[in-house]
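Biologist: Please take a close look at the aromatic pairs in this model. I would like the ring geometry and the exposure of the residues involved, with some context from the rest of the chain.

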Amino acid sequence: MSYFSGLAVFFCYVNQLTILAPSIVIHEQWINAAKHSVTCKSTKPRSRLRAEGHSACYVTCCSGEKPTSRADLESALESYPKRFFQFLVRNNVSRVIIFIIYSGYIAISVWGVTSLKQGFRFSDLALEGSAYYKSSTWDFENFKWEIPLQIVFTSPVNYEDNATQQKIFDFIKRLKKEHLIKDAPEINWLSTYQTFSNNGSFGDKFESLRQFLNKTEIFSNDVKFSADFSSIDLSRFYVFSENLRTSDVQGQFLLRIRELEQSSEIPCFIYSPLFVFFEQYAIVVKSTLQTVGIAIAAMFVVSFLFMPHPLIVAFVTVSLVSILLGVFGFLPFWGLNISSVTKIELILSVGFSVDFSAHLCHAYLTSQSDDRRNRVRDALELAGGPIINGALSTVIGLVMLVFSHSFIFQSFFKVLFTVIVLGLIHAVLFLPMFLSVIGPKVRILPETEPDKRPDLYNGVDRDTHNGAHHPLVLKEMT
């Protein structure tokens, strides 16, 4: 699976380099040449086509001219929403309201994290309405979930020795004292053989015991003799658990079983085929937090390498942690628990969480304005539209998962939708509000002409419009 995943990622990058990037270049060349993006024919301005008497449909579909300002390149979804957010973060009253909303968001997220539980049901692996889903749900809701446990003694010992037999019986008795293990029934070939044999002897080369095992059949696979029948190499016994309905109980049960194994005087292990699922329940919370923490640390290192100011790195990191806190905190509201499925989705959400905030912080740092509020306005002007478009396009791509009957796809939509929405709100609302108050007092300026700055609203960069190129440096604002 990892091989094919890596191959898919490789082809995605190849597609971007060989198809997407050249297509963008060709499209920009057509725009500069005033050619239609579909017919490749030269276009005329709308006013000229109207003057020539063409229909409204023809004017809409066939007009075009070279853009002269940034507004010419923006859609309504890019221009109008960012103006609204620019107003909010520049107004004192709205900034106070935003801070109150953010405080409430943190409080709700913390409450959600404290109420978050670990849980997973086997029916979640199947489609809703499938035969397995129905039977598994019916069994879970109507019957106890009790499983048999194999106690396998792995070392050759003298089973005819009374002391050895007593050690085995004492260990099984100690197991049955646990509150999650039933006192009865028990499948025990040794005690049954003692009951049915006259003297308790196994006979020469275990002949009497072998005859007993063949007759009873139920114990025929519970004893493994050596090749020459001189000893018993392995043997197993069975006990049964109490009701292990929830995954958190199953994880705790597995950890307790591991402790009991170590206490046996005769080497053994306790096993059930379902332990392969219990293993994840025992470590899923710890491994999720550990993996997400490592991903956050990696994002911090990457931000430190690419962001030219430590305070901006701090803003990006704090925003990342704040978004992830919300993602974890809102899981209970979606009816989701920590499991192996949501663990993967939470790890993926780290990469989505840092994206929008990093774009806005970088745009803030490249603004040439002297005032924090103006720099936030510039940052939203430059990055607000792409951030909103990116969030909207991602949500549209996720909407199809809503109609899926698979728990895995539905949970993927819920987690990724939460990440995108929270990332968007942080990037256009919370983060600009904090930057407008405590943003760093530095700006990136051309080294040779620090007093000139780009005109963001007319689409003309006075430093680069004449073809000049100047190295950029950080300069403290006065």
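Modeller: What follows goes from the chain as a whole to the aromatic pairs, and then to the largest pocket. The model is predicted, and the values below are computed from it.

The chain has 478 residues, of which 39% count as buried. Its secondary structure consists of 15 helices and 7 strands. Among contacts with a separation of 6 or more, 71% are between residues 24 or more positions apart. The accessible surface is about 26,700 Å², and carbon and sulfur atoms hold 62% of that area.

The number of aromatic pairs in the chain comes to 25. One of them joins F196 and F212: the ring centres are 6.5 Å apart and the planes meet at 35 degrees, so this pair is tilted. Since tilted covers whatever falls between stacked, under 30 degrees, and edge-to-face, over 60, the angle of 35 degrees belongs in that class. F196 lies in helix α8, residues 189-196, and F212 in helix α9, residues 207-216, so the pair ties together parts that are 16 residues apart in sequence.

The two partners differ in exposure. F196 has a relative accessible area of 63% and is exposed, because the exposed class starts over 50%. F212, at 11%, counts as buried, because its value is under the 20% limit.

F225 and F229 make another tilted pair, with 5.8 Å from centre to centre and 50 degrees between the planes. Here F225 is buried, at 15% relative accessible area, while F229 is partly exposed, at 30%. The value for F229 lies between the limits of 20% and 50%, so the intermediate class applies.

Ring pairs also build a cluster, made up of F99, Y102, Y105, W111, F330, F333, F430 and F434.

Aromatic residues appear in the largest pocket too. The space in this pocket is about 500 Å³. Its lining has 29 residues, and the closest to the pocket centre are G119, F120, R121, D124 and F140. By class, the lining residues are 9 nonpolar, 13 polar and 7 charged. Three helices each give at least two residues to the lining: α6 (131-142), α10 (247-262) and α15 (407-438). The largest share is that of α6, with 6 residues.

Methods:
Residues are numbered from 1 along each chain as its sequence is written. This is a predicted model: local features need pLDDT of at least 70, side-chain atom pairs count only at pLDDT 80 or more; totals for chains, interfaces and linings use all residues. Side-chain values use heavy atoms; hydrogens and water are left out. Helices (H or I, at least four residues) and strands (E, at least two) are DSSP runs, numbered from the N terminus. Buried means under 20% relative accessible area, exposed over 50%, partly exposed in between (1.4 Å probe, protein chains only). Contact means heavy atoms within 4.5 Å. Accessible areas come from the Shrake-Rupley method with a 1.4 Å probe; for residues, only the protein chains shown count as cover. On a 1 Å grid over the protein atoms alone, a cavity is a set of points where a 1.4 Å probe fits but cannot get out, and a pocket is an open set with protein on both sides within 12 Å along at least five of seven lines; lining residues have an atom within 4 Å of a point. Grid points are joined across faces, edges and corners, and a volume is the space filled by probe spheres set on the points. Ala, Val, Leu, Ile, Met, Phe, Trp, Tyr, Cys and Pro count as nonpolar, Asp, Glu, Lys and Arg as charged, and the others, Gly among them, as polar. Rings of Phe, Tyr and Trp (its six-membered ring) pair if their centres lie within 6.5 Å; planes under 30 degrees apart count as stacked, over 60 as edge-to-face and the rest as tilted.
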